[in-house]
Amino acid sequence: MADCVLRLGKRGTLLRETELGSNRLEVDPAAGQSWGTLGADTLVGTAADEFLYGYDGADRLSAGAGRDLLEGGRGDDILSGGAGADVFMFDIDGDTGRDRIVDFGTGDVLVTTELLFDANGDGVVDFGRDRVLNLPNQGTVAITGDNGGRVQRLEYDGFVDEGGIRYFVYSKVGSAAGVPTLTESRFFDLLG
Ligand SMILES: [Ca+2]
Ligand SMILES: [Ca+2]
Ligand SMILES: [Ca+2]
C-alpha cells in the first residue's frame with residue numbers, strides 16, 4: 001500500500017506526498033494545474049493559463065503558451081515558461097535549491113516572498129560576478145532570457161499583500177512587466 005501523507009504548505013495549500021520516482025505529469029485541463037511529487041518530475045503545460053508546481057526533487061517544468069505560474073519548490077529545477085506573460089515563484093521560506101529559468105522574457109516576472117538584496121538601493125538587483133541571482137534562503141537562480149542571452153540584473157517592480165504574505169515582484173530591467181503581471185494572473189485564485 002502506497003504511503004500518502006497530507007500536510008499544509010506555507011501558503012495554506014494542501015500538499016499530497018505520494019510515491020517517489022520520476023514522473024511525467026500533464027496538466028489536467030479542468031483543474032488548470034499540475035503538482036509534482038517528492039521525486040524528479042517533468043511537468044508539461046498546455047496552451048491555457050495554468051499552475052505548475054514541482055514540489056521536491058529536481059524537476060523540469062515546461063509551461064508552454066499561456067500566462068502560467070511556475071514554482072519549482074525544493075530541488076534543482078529547470079523552468080520554462082514558454083510564450084505568454086509568466087510568473088516564476090520562489091518561496092523564500094523553503095530551500096529552493098539551484099534553479100534555472102531558461103526563457104525569461106520581457107513580459108515575465110520573478111516573484112519572491114522576501115525583498116532581494118539591492119547593494120546600492122537603485123531598484124536594480126545586480127547578480128554580481130557569479131551571474132546568478134542569490135536568494136535570501138541561499139538558493140540560486142540562473143536566468144537565461146528568451147533571446148538566449150544571460151540575464152544578470154532584475155528591476156524591482158513593487159509588492160502585493162495577499163493572505164498575510166507579501167509578494168515581491170521583479171522583471172527584466174526596462175520591461176513593462178510588473179505587479180499587474182502577478183495580480184492579473186490566476187495565481188491568487190489558484191492559491192485560494
Ligand atoms: Ca517533484
Ligand atoms: Ca507560458
Ligand atoms: Ca527549486
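The following dialogue considers the calcium sites and salt bridges of a predicted model.

Visitor: What makes Thr37 and Asp59 donors of the calcium ion (ligand 1)?

Guide: For calcium, a donor is an N, O or S atom within 3.2 Å of the metal. The protein donors of ligand 1 lie 2.1 to 2.8 Å from it, and they include Thr37 (O) and Asp59 (OD). These atoms therefore meet the cut-off. Along the chain, the donors of this ion follow the spacing T-x1-G-x1-D-x12-G-x1-D-x2-D. Thr37 belongs to the loop between β4 (33-35) and β5 (41-44), and Asp59 to the loop between β6 (51-53) and β7 (60-62), so the pair ties together parts that are 22 residues apart in sequence. Both Thr37 and Asp59 are buried.

Visitor: Which residues serve as protein donors of the calcium ion (ligand 2)?

Guide: They are Gly64 (O), Gly66 (O), Asp68 (OD), Gly81 (O), Ala83 (O) and Asp86, the last listed twice through OD. Their distances from the ion are 2.3 to 2.8 Å, and the cut-off for calcium is 3.2 Å. The spacing of these donors is G-x1-G-x1-D-x12-G-x1-A-x2-D. Asp68 sits in the loop between β7 and β8 (69-71), while Ala83 sits in the loop between β9 (78-80) and β10 (87-90); the pair therefore ties together parts that are 15 residues apart in sequence.

Visitor: Why is Asp68 called buried?

Guide: Asp68 has a relative accessible area of 0%. Buried means under 20%, so Asp68 qualifies.

Visitor: Why is the site of the calcium ion (ligand 3) called irregular?

Guide: The site has 6 donor atoms, with angles of 51 to 177° among them. Six donors count as octahedral if opposite donors are over 155 degrees apart and all others between 65 and 115. An angle of 51° fits neither range, so the site is irregular. Its donors, at 2.2 to 2.6 Å from the ion, include Gly73 (O), Asp77 (OD) and Thr96 (O). They follow the spacing G-x1-G-x1-D-x18-T-x2-D, and both Gly73 and Asp77 are buried.

Visitor: How do you know that Arg74 and Asp56 meet in a salt bridge?

Guide: The N to O distance between their side chains is 2.8 Å. A salt bridge requires a side-chain nitrogen of Lys or Arg within 4 Å of a carboxyl oxygen of Asp or Glu, so the pair qualifies. Arg74 is in the loop between β8 and β9 and Asp56 in the loop between β6 and β7, 18 residues apart. Asp56 also appears among the donors of ligand 1, through O.

Visitor: Are Arg74 and Asp56 buried or exposed?

Guide: Arg74, at 36%, is partly exposed because its value lies between 20% and 50%. Asp56, at 15%, is buried because its value is under 20%.

Visitor: What makes the contact of Lys172 with Asp146 a salt bridge?

Guide: Their closest N and O atoms are 3.9 Å apart, and the limit is 4 Å, so the contact counts. The pair links the loop between β18 (165-171) and α1 (179-183) to the loop between β15 (140-145) and β16 (150-151), 26 residues apart. Lys172, at 12%, is buried, whereas Asp146, at 54%, is exposed because its value is over 50%.

Visitor: How many salt bridges does the structure hold?

Guide: There are 3. Among them is that of Arg166 with Asp161, whose closest N and O atoms are 2.7 Å apart. Arg166, at 37%, is partly exposed, and Asp161, at 45%, is partly exposed.

How values were computed:
Residues are numbered from 1 along each chain as its sequence is written. Chains are lettered from A and ligands numbered from 1 in the order in which they are written. This is a predicted model: local features need pLDDT of at least 70, side-chain atom pairs count only at pLDDT 80 or more; totals for chains, interfaces and linings use all residues. Side-chain values use heavy atoms; hydrogens and water are left out. Helices (H or I, at least four residues) and strands (E, at least two) are DSSP runs, numbered from the N terminus. Buried means under 20% relative accessible area, exposed over 50%, partly exposed in between (1.4 Å probe, protein chains only). Four donors count as tetrahedral if all angles lie between 85 and 135 degrees; four count as square planar and six as octahedral if opposite donors are over 155 degrees apart and all others between 65 and 115; anything else is irregular.
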